[in-house]
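User: I'm new to this one, so please walk me through it at an easy pace.

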Amino acid sequence: MFSMRRQTAVKWCSYWWWFVIVFFVVLQQPELGANGQRMKDNMYISVNGAHCFRRLNGTHMTGCSSKNGGSVGVLHLISGKEDIDFIVHKHPSPPYAPILLPALYTRENILRLRDEAAPYVSVLVLMNNASGLEQFSQESRCPNQYSGLASVMSLSADEQRCSVDRAEDSWNPWGNGLLQENFPFPIFYVASVSEMEKLLECYEKFNANDLEHQHRRSLCAIEVKAFMSAAVSTDICMRRSESYNSLIPATKYCDPLQGKNVYATLFPRPVVPEEQRVEGPERIVLVSTRTDTTTMFDGVGLGAMDSVVPFTVLIAVAHFLARALPNNDRNVNVLFLFFNGESYDYIGSQRFVYDLQTGAFPSRSTQTKPITLDNIELMIDIGSLDDLTELQVYHAAPQPMATKIAKLLPKINLKYEFGIRSGPPVLTSNLPPVAAQSFLRENITFPVVIIASKPGNRYYHSIYDDQENLRYRYGNHSRKYDFTQLENLELGNRTDLYGDDSVQMRIRNASTLIGMSIYELLVGRAFDQQNGTNSVLIDEFLHCFLESADCPLFRATVKPDAPRVYPAPPSRYISVHTTITAESTGWTYRVLGLLLGQLVENVTKAECGALHLPYQWMAGYGGAGECRRTTQNMSLALSPAFLNDTYDFTSYRYSTWTESTWSDMSARIFLRPSPAHETLTLSIGIVVMVISFVLVFLINSRSDVLFNQGSTSSIPIATQPTQC
């Protein structure tokens, strides 16, 4: 009997395995009409977009996070206040994932969904639609409010200060401050038209009708995975990471925001032996601006008006001075400095000031003398230039140079008819959010002059501060005009190249005006030529940083045989040291090498390589290759707060921003079954399970009958082995 049962079992197993083999063979034969597909691919549809993520400072956390494993919500289109009321008061099938257009992405609406509808909202979806949008800025009305000069001053009630309550006294009147808020649910931004159609089609098909009774049917839902590891504050997150590191190496919950500042000198600084590298009487004029930007969403946001415009202006000014002053006849050098991380409490400029105070700038690898604050005779900081036809000079303490520059601007403008207005210098404690505030915090009498314009960017630090906000159109004239040379101002406004009132010409006029003013300060006499900054260079620079890194200017800065790069603009969010956002820093470094480097004639590629740094071989304008003696370099943009293990993270002395780590970011839509459907499925499962147990019990109890095929074998049934 036992042998017969065993033979029967073996026969059924062989049949089963043959069935499995044939099944998989059929799946691999498309011509037989069978196509294998994963079950989850039939259930879920992926959605591409950008995620809001979490940042922390010394006292708070901001941004968004999903639940560990993902957050799920039923899609619900918000068309007005009544739709928010529906979620707050009725919510028949929670949790929800409200879909908002930018016009409704206001502080009032978002905080109401966060606070009043907290139990009923698990995801927020923002869809791209800028039509009719008049303003959109999630930044505070007073950017970097707690790290500027005013934060260390005892201001009386009648003294000017930036106010988040009064738009007229702020530097970002259209800001709603959502960038500084914390949200317990993920916020997902969908930019692509095809991806938006997926969501809307699914919503219209399953969710849009009979809202009061939607809990009775299956509904279209979205699952967003964007779980952030960090929590509470930078101090707690860093200590948590350190404690876990002792148990599990390489465990991190957050990383400090950090990057690189890029700098270059107008004239090469002499190399000196190490024993002679002490502070000296070197005279420096510092001209600076910021290069970074930020938004609520990962990898989205160009910062066109808020930082690319002053970034472009300083590049053009540096190029102008390099061509107008080939030799240093007055023993004054110019240091062009491009700060990184200024959007987060002036990370780059705070570190630069710290390095000047500790004798750590420039690094020892440059083999030059250190520079200190005493070496800087004047700092000219270029802030946001929202209106390129109106420049204003600001200073925090009486500065003769501020008055002098304020007089030079209208004088030069009148001579060349640039059409730029400027007034007398403004002495105020309510300064624009610029890097100079890091210097003034240390010494309010430091010789700082700020050139900026009144706020006019309605999309400051947002996803819509792009080339459309500048009304920029790529001219693409670099094949005909050499962008490494200065431009003849007698050619006029170049309407033949860019049309009327182009941003290229407005930047050319403003940068030429600032460049000529600095020239006169350095030389002591007016610039007497008809050359200005190059509008084609400006056009190419904007194209590279706003539209595509695969551009003629960037290709001229690398070796002739270098591979083409991905045709997307480089990200300028500072991020952390392990990310690819350093790409924009690298391009800034190379562009300065091309525009400020001194051309070395009659040198081959091999000979240039043998000279080592600061000599660099690059393609050049013609693409054939050229050798240049460069002066550009980088310095670390990491807050000094992270250099001291005992630093008080609640002191507001230095920037303390960190970024949370995460493992996965994704989004997908699916059909969430109704409660009745779920109950039915569970009930059927329980019934099937009970029936299965009963059948197994009956078959097992009657196995001698079911598997007895009439065998008369005399082989005895094996008995149980004797227990040891």
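Analyst: Contact means heavy atoms within 4.5 Å of each other. This is a predicted model, where local features need pLDDT of at least 70, side-chain atom pairs count only at pLDDT 80 or more, and totals for chains, interfaces and linings use all residues. Residues are numbered from 1 along each chain as its sequence is written, and side-chain values use heavy atoms, leaving out hydrogens and water.

User: What share of the contacts with a separation of 6 or more comes from residues 24 or more positions apart?

Analyst: Take the contacts in the protein whose partners have a separation of 6 or more. The part owed to residues 24 or more positions apart is 79%.

User: How many helices and strands are there, and what percentage of the residues count as buried?

Analyst: Going by DSSP runs numbered from the N terminus (helices are H or I, at least four residues; strands are E, at least two), the protein has 19 helices and 27 strands. Buried means under 20% relative accessible area, with exposed over 50% and partly exposed in between (1.4 Å probe, protein chains only). Of the 724 residues, the buried share is 51%.

User: Which elements help cover the buried residues of H4?

Analyst: Helix H4 spans residues 107-115, and its buried residues are Asn109, Ile110, Leu111, Arg112, Leu113 and Arg114. Their cover includes helix H3 (81-90), strand E6 (96-100), E7 and E8.

User: At what angle do H13 and H14 pack, and why are they called oblique?

Analyst: Axes are lines fitted to C-alpha atoms, for helices over the stretch in contact, and angles run from 0 to 180 degrees between N-to-C directions. Under 35 degrees is roughly parallel, over 145 roughly antiparallel, 65 to 115 roughly perpendicular and the rest oblique. H13 (residues 503-523) and H14 (residues 535-546) have axes 9 Å apart and an angle of about 120°. That angle makes H13, relative to H14, oblique.

User: How do the residues in the contact of H13 with H14 divide?

Analyst: H13 brings Val503, Gln504, Met505, Ile507, Arg508 and Ser511, while H14 brings Ser535, Ile538, Asp539 and Leu542. Ala, Val, Leu, Ile, Met, Phe, Trp, Tyr, Cys and Pro count as nonpolar, Asp, Glu, Lys and Arg as charged, and the others, Gly among them, as polar. The split is five nonpolar, three polar and two charged.

User: What is the arrangement of H14 and H16?

Analyst: Helix H16 covers residues 582-596, and its axis lies 12 Å from that of H14, at an angle of about 165°. Leu537, Phe541 and Phe545 in H14 meet Ser584, Trp587, Thr588, Val591 and Leu595 in H16, a contact with six nonpolar, two polar and no charged residues. The two helices are therefore roughly antiparallel.

User: How many aromatic pairs does the structure hold?

Analyst: Rings of Phe, Tyr and Trp (its six-membered ring) pair if their centres lie within 6.5 Å; planes under 30 degrees apart are stacked, over 60 edge-to-face and the rest tilted. By that rule the count is 31.

User: How far apart in sequence are the parts tied together by Trp171 and Tyr394?

Analyst: This pair is edge-to-face, 5.7 Å centre to centre with 80° between the planes. Both Trp171 and Tyr394 are buried. Trp171 sits in the loop between strand E7 (124-127) and strand E8 (182-183) and Tyr394 in strand E16 (residues 390-395), so the separation is 223 residues.

User: Which helices hold Phe352 and Phe439?

Analyst: Phe352 and Phe439 form a tilted pair, 6.0 Å centre to centre with 55° between the planes. Phe352 counts as buried at 1% relative accessibility. The two residues are 87 apart, in helix H8 (residues 347-358) and helix H10 (residues 436-442) respectively.
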